[in-house]
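Reader: I have a structure open and would like to go through some of its side chains. Can you take my questions as they come?

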Amino acid sequence: MLIKRNCGWEIPERQATPEGLWMNRRELVRGMGLGAMALAVPGMASAQNKDADPSAGLYPARKNDKYGAPTPVTTERLATTYNNFYEFGTDKSISRDAQKLQVRPWTIKVSGLVEKPFEIAIDDLLAKMPLEERVYRHRCVETWSMIVPWSGFAMKSLVELCKPTGDAKYVVMQTLHKPAVMLGQKDFLYPWPYTEGLAMDEAMHDLTFIATGLYGKPIHKQNGAPLRLVAPWKYGFKNVKSIVSIEFSAKRPVSFWEKLQSSEYGFWANVNPQVPHARWSQATEKPLGSDQRVPTQLYNGYAEFVSSLYADRKAEKLFI
Ligand SMILES: Nc1nc2c(c(=O)[nH]1)N[C@H]1C(S)=C(S)[C@@H](COP(=O)(O)O)O[C@H]1N2
Ligand SMILES: [Mo]
């Protein structure tokens with residue numbers, strides 16, 4: 001039985017502090033430890049990261065700007081230290097603790113409503129996929145945002161490889177479950193493993209991306225190595241990290257945050273500045289590294305590409 005639980009960003013202290021203030025503080029704390037951390041942690045410095053990963057030679061990938069080239073791009077330092085990855089805790093040492101994650105060997109299991117279930121190793125998958133780089137906006141439900149250059153491939157290429165049957169309506173993706181390394185998973189009040197899903201037409205939309213790289217390198221562990229979902233018109237929590245399982249289903253899955261608090265975190269979770277979260281406004285956001293809040297855009301600025309997906313779903317709770 002799941003107990004109603006506050007999310008990390010909802011701790012009473014933060015509730016009591018004006019939003020802008022706690023966010024600044026969080027960033028400050030991260031910035032402070034950073035100099036020492038970059039020196040001390042293997043894999044943090046870019047050169048070391050390259051050497052350590054067998055896929056390093058695949059990056060940087062060819063740029064694809066058909067979904068625009070939003071600016072200003074967030075610094076690599078901020079995007080790789082200001083993370084949400086509950087498996088590694090809720091405090092500010094996630095980027096350091098995540099270095100313990102072993103990303104080789106790494107196998108992705110494909111199951112459910114497919115012609116034939118199979119497993120594939122990440123490097124075999126990378127060899128099959130046409131890699132490209134796309135700069136996307138990212139909007140967290142906590143109201144911070146960033147703009148980062150992901151490398152990877154359109155999720156539709158992966159779906160096609162999986163050969164789902166006509167009965168498949170949803171794709172369900174799960175993060176690795178390894179409590180010995182992902183110490184946050186020892187907290188049994190959370191519904192591990194982290195699970196997220198997309199409707200099939202969302203997964204097949206060309207904007208939907210599987211990121212295997214970031215800033216022209218293999219993706220950092222704290223950002224969800226070796227592969228994570230990027231659906232940029234949805235709130236950040238949809239973008240499940242460090243995927244080990246892809247299952248095709250006729251039934252809509254209940255995702256991690258939805259299980260914890262369905263009144264506040266729905267399945268569709270599309271960004272909409274006019275639909276507030278139960279306890280705070282979503283009208284504006286704070287780009288990482290900036291002191292100025294900026295207006296949030298409908299579908300996080302991707303309405304022209306994705307709004308048609310929802311034309312026949314108006315009765316659903318589309319925006320959180
Ligand atoms: N497995 C897993 N995936 C996750 C999360 C998480 O805690 N665990 N957090 C989500 C949230 S809330 C956000 S905003 C993004 C953050 O991605 P980033 O750290 O690369 O910025 O990852 C999403 N994917
Ligand atoms: Mo988030």
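Author: What follows is a talk about charged groups, aromatic rings and strands in this predicted model.

Reader: Salt bridges to start with. How many are there in the whole structure?
Author: The search finds 16 salt bridges. One of them joins the side chains of D53 and R104, at 3.3 Å from N to O.

Reader: Where do D53 and R104 lie?
Author: D53 is in the loop between α3 (46–52) and β1 (62–63), and R104 is in the loop between α5 and β2 (107–112). They are 51 residues apart in sequence, so the salt bridge ties together separate parts of the chain.

Reader: Are D53 and R104 buried or exposed?
Author: D53 and R104 are both buried.

Reader: What does K63 pair with?
Author: K63 meets E133 in a salt bridge, 3.0 Å from N to O. This pair also links distant parts of the chain, with E133 in strand β4 (residues 132–139) and K63 in strand β1, 70 residues apart.

Reader: And for burial, which class does each of E133 and K63 fall in?
Author: E133 counts as buried because its relative accessibility is 8%. K63 counts as exposed because its value is 64%.

Reader: What about K238, which salt bridge does it form?
Author: K238 bridges to E196, and the closest N and O atoms are 2.7 Å apart. K238 sits in the loop between β10 (228–230) and β11 (243–249), while E196 is in strand β7, 42 residues apart. Both K238 and E196 are buried.

Reader: Which residues are joined into one network by shared partners?
Author: R62, K66, E132, R134, K156 and D206 are joined that way, through salt bridges that share partners.

Reader: Back to K238. Which ring does its charged end sit over?
Author: The charged end of K238 sits over the ring of F267, 4.1 Å from the ring centre. R137 has a ring under its charged end as well: Y302, with the centre 4.8 Å away.

Reader: Now a charge without a partner. What is the nearest side chain of opposite charge to E87?
Author: That is K241, 7.4 Å away. E87 is buried and has no salt bridge. A salt bridge needs the nitrogen and the carboxyl oxygen within 4 Å, so K241 does not serve as a partner at that distance.

Reader: Where is E87, then, and what is it in contact with?
Author: E87 is in the loop between α4 (76–79) and α5 (94–97). Beyond its neighbours within four places in sequence, E87 contacts T175, M182, L183, G184, Q185, W192 and Y194.

Reader: What does H177 touch?
Author: Not counting residues up to four places away in sequence, H177 touches Q185, W192 and P193. H177 lies in the loop between β6 (170–175) and β7 (195–199). H177 counts as partly exposed because its relative accessibility is 43%. The C-alpha atoms of H177 and V244 are 8.7 Å apart, with their places 67 residues apart in sequence.

Reader: On to rings. How many aromatic pairs does the structure hold?
Author: It holds 20 aromatic pairs. Among them is the edge-to-face pair of Y82 and W144, with 5.1 Å between centres and 80° between planes. Y82 is in the loop between α4 and α5 and W144 is in strand β5 (residues 144–154), so to speak of sequence, they are 62 residues apart.Reader: Buried or exposed, Y82 and W144?
Author: Y82 counts as buried because its relative accessibility is 2%. W144 is buried too, with a relative accessible area of 4%.

Reader: How are F256 and W257 arranged?
Author: F256 and W257 form an edge-to-face pair, 5.2 Å centre to centre, with 90° between the planes. Both residues are buried. F256 and W257 also belong to a cluster linked by ring pairs, along with Y86, Y190, W192, Y194, F237 and Y265.

Reader: Last topic, strands. In which sense do β5 and β12 pair, parallel or antiparallel?
Author: β5 and strand β12 (residues 284–287) pair in the parallel sense, over two bridges. S145 stands opposite P287 in β12.

Reader: And what do β12 and β13 form?
Author: They form a hairpin with six residues between the strands, and G289 in the turn has a positive phi of about 90°. β12 and strand β13 (residues 294–295) pair in the antiparallel sense over two bridges, and T284 stands opposite P295 in β13.

Terms used. Residues are numbered from 1 along each chain as its sequence is written. Chains are lettered from A and ligands numbered from 1 in the order in which they are written. Side-chain values use heavy atoms; hydrogens and water are left out. Helices (H or I, at least four residues) and strands (E, at least two) are DSSP runs, numbered from the N terminus. Buried means under 20% relative accessible area, exposed over 50%, partly exposed in between (1.4 Å probe, protein chains only). Lys and Arg count as positive and Asp and Glu as negative; His and the chain ends are not counted. Contact means heavy atoms within 4.5 Å. Rings of Phe, Tyr and Trp (its six-membered ring) pair if their centres lie within 6.5 Å; planes under 30 degrees apart count as stacked, over 60 as edge-to-face and the rest as tilted. A charge sits over a ring if NZ of Lys or CZ of Arg is within 6 Å of the ring centre and within 35 degrees of the ring normal. Two strands pair if DSSP finds at least two bridges between them.
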